Amino acid sequence: MQFSSADIAKVLQKYWGYNSFRPLQEEIILSLLNGKDTLGLMPTGGGKSITFQVPALCFDSGVTLVVTPLISLMKDQVDNLKKLRIKAVALHSGMSTKENRIAWELIVNGKARLIYVSPEKLQNERFLLELRNLKINFITVDEAHCISQWGYDFRPSYLNIKKLRKLIPDIPILALTATATPVVANDIMSQLAFREKNIFKKSFSRENISYIVRYSDTKIFDVLNILSKTSGSAIVYVRSRKRTKEISENLSNAGITSTYYHAGIDSQLKTSRQNDWKQGIVRVMVATNAFGMGIDKPDVRVVIHYDLPPSLEEYYQEAGRAGRDGLNSFAVLLSSKTDKGLLHRRISETFPERQFIKTTYEQICNHLHYSVGEGYESVKEFNISRFCSLFEGQDEKKCRASLRLLGQAGYMNFIEDIEKRSRLKILCEREELYDIRFPNKTIENVLSTTLRLYTGLFSDFVFIRESEIADALKINSSDVYDALQSLDKMKIISFIPRSGLPLIYLPTAREEKSSLIIGKDIYEDRKRIMQERTEAVIDYTFNGKSCRVKRMLAYFGETDSHDCGKCDVCREKKKHQNKAKDSDSTLNEILNFLRNHPEGSRFISLETNLKSPKAVLTETLSYLCNEGFVRLSDNLYFLN
């Protein structure tokens, strides 16, 4: 089937209401629809999702498979597509058996055009067999840099995508990423077995963003100063969860509306704070790198990095959330004399000793009650803070680092971006409810409203939202929660409150500690790559000799770029050039003035009516004195 520009333009107009594509979108879509494996390198905010959502709707039947690493982003995209009346489902390792069954029923019955899957699902052989029964039109790999061992966020679970290539070899693959060096781009195509090299690349240059590095010993005061001199929405990125709250409170105390965000916050609170920021109720979001993925707010005027990022890839992505509307914006990186040491220390923290990693694996398995040989493809909640407090010698930072390496080695996956909804089941018969005397009217109303909003409560656990019940009753969600807890104590319902705890997923059965292999490719090679990235960040930050944007673009393979004219280095250079030009002009003006006067009156005072500013005049006359062209006597300058 052949598709034209007119065909895809109709789909874009029908579902999204846009009259034209952004740069590169149309070319990528047509390449994919012509059956070609395609790699799209598009900067943050470039509209990557359109490049697979539009072609997915061009086919009369079949589905599009989208592999993406973030469960929260997956959910957001599915919800957004449903609002556009586009059928989509998500499948990931954090779903219950019932949720999986419902999702598959939708797929099998043709009620899904796009299927979003986490890469971990591709380890499941049964899941792969079920995929063989579907008509898949093409595969999209989002955040494709994750498949490259040279990528800044390498995830071994992405290597499972190769299984899809073997399973359905005749359909094209679309790989998308916002950040990839030439080495990573080539590795992506190699790992995904591209039939031929085919890259669509938009320049990483964002001409409307001014990249500034500011050296600071009092960063919080600089943040306040920057925000007081700029307008519009802002993001402040930090590397510590604790610091998000501290800085947000400092800003609020200074009269700048702000809130904070990190992975450990309850999902409803995350959504609430995110919406407050998007709607402009608060101006500033102080956040860790957990915030921003999939957020398309166009009017962010300034992004401030309070701490140095671990790589230029991450910095480019986060800074690129500024100025998506094309208007002038700022990306400010604050640095201090201690930052180099902190970056180098981060390397050793990211790579604990192998023995510590193996011990962590053993302790977690014991903590979750997995015996050797058990746990294959199982998922359990994991409170990392409680775990670290129970086991001597554990530290949360080192534990997280160990889990990341265990994940890359294929032994244990730590899934943090997930929120399990509350669920409940009615324990008594329907007729018995009429005879129950409730302690108060709120409890009775909560139960009756729950029965009205949700079906199947008498036969099985059903997922609910306290906020939905609260909205129906015009009361607070906390009152609904308390009422449900009371009903649980009365044995009328079994209520399992929502949980924001992360999950541990075992892709393989538990192994003996001595059998674990943390190989050179996982440990030494990745450590060397991190060291190289760290040095690139240090060079970008502390080398003020050449244009920062030019150096960042060269890092991403664009070696023919010019000075941006907007970064702090270019601005300083321009200021010196203008100063030199002013000095030359003043110098000529002084000498001409003196030479054009009679010999006896060849002198000048600072009160003389010359065009040059007084400060430049004083500086230039001082220079002429030092060089012996003029002499100073009684506050008058005479020509020698």
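In this predicted model, the side chains of K48 and E143 meet in a salt bridge, with an N to O distance of 3.4 Å. K48 sits in the loop between strand 1 (38-41) and helix 3 (50-56), and E143 in the loop between strand 5 and helix 7, so the pair ties together parts of the chain that are 95 residues apart in sequence. Both partners are buried: K48 is, and so is E143.

E143 deserves a second look. The loop that holds E143 runs between strand 5 (136-141) and helix 7 (161-167). Why does E143 count as buried? The relative accessibility of E143 is 5%, and a residue is called buried when this value is under 20%. E143 also has a positive phi of about 50 degrees, although E143 is not a glycine.

L24 is another residue other than glycine with a positive phi, in this case near 80 degrees. L24 is found in the loop between helix 1 (5-16) and helix 2 (25-33). L24 is buried because its relative accessible area is 13%, which falls under the 20% limit.

**Salt bridges**

How many salt bridges are there by the rule used here? The count comes to 25. Three of the pairs are set out below.

| Pair | N to O distance | Separation in sequence |
|---|---|---|
| K48 and E143 | 3.4 Å | 95 residues |
| E125 and K163 | 3.7 Å | 38 residues |
| D325 and R301 | 2.7 Å | 24 residues |

The side chains of E125 and K163 meet in a salt bridge at 3.7 Å. E125 belongs to helix 6 (residues 125-131) and K163 to helix 7, so this pair ties together parts that are 38 residues apart in sequence. E125 is partly exposed, with a relative accessible area of 45%. K163 also counts as partly exposed, at 31% relative accessibility.

D325 forms a salt bridge with R301, and the closest N and O atoms are 2.7 Å apart. This pair links distant parts of the chain: D325 is in the loop between helix 12 and strand 13, while R301 is in strand 12, 24 residues away. Is each partner buried or partly exposed? D325 counts as partly exposed at 32% relative accessibility, whereas R301 is buried, with a relative accessible area of 14%.

Salt bridges can also join up into a network, as they do for D37, R165 and R195.

**Buried parts**

Helix 12 (residues 312-319) is mostly covered, since eight of its eight residues are buried. The buried residues of helix 12 include charged ones such as E313, E314 and E318, along with L312, Y315, Y316, Q317 and A319. What do these buried residues pack against? Their partners are four strands and two helices: strand 8 (209-215), strand 9 (233-237), strand 12 (300-305), strand 13 (329-335), helix 20 (524-542) and helix 21 (548-555).

L91 lies in strand 3 (residues 88-91). L91 counts as buried, at 0% relative accessibility. Leaving aside neighbours within four places in sequence, L91 is in contact with several residues, among them M74, N100, A103, I107, I115, Y116 and F127. W104 is also in contact with L91. L91 and W104 are 13 residues apart along the chain, and their C-alpha atoms are separated by 8.8 Å.

**A charged patch on the surface**

Which residues form a negative surface patch? They are E429, E431, E432 and D435. D435 lies in the loop between strand 16 (422-426) and helix 17 (441-453). D435 is exposed because its relative accessible area is 66%, and the term exposed is used for values over 50%.

**The chain as a whole**

The protein chain has 23 helices and 22 strands. Its C-alpha trace spans about 120 × 65 × 60 Å along the principal axes. Buried residues make up 50% of the 640 residues. Among contacts between residues at least 6 apart in sequence, 75% join residues at least 24 apart.

The chain exposes about 30800 Å², and carbon and sulfur atoms supply 48% of this area. There are 92 positive and 78 negative side chains, and the centres of the two sets lie 2 Å apart.

Technical notes. Residues numbered from 1 in each chain as written. Predicted model: local features only at pLDDT ≥ 70, side-chain atom pairs only at ≥ 80, totals over all residues. Heavy atoms only, no water. Patch = residues over 30% accessible without salt bridge, like charges linked within 9 Å, V, L, I, M, F, W, Y side chains within 5 Å. Areas by Shrake-Rupley, 256 points an atom, 1.4 Å probe, with all protein chains shown as cover. Salt bridge = Lys/Arg side-chain N within 4 Å of Asp/Glu carboxyl O. Lys, Arg positive; Asp, Glu negative; His and termini not counted. Charge placed at Lys NZ, Arg CZ, Asp CG, Glu CD. Buried < 20%, exposed > 50% of the residue type's maximum accessible area, 1.4 Å probe, protein only. Contact = heavy atoms within 4.5 Å.
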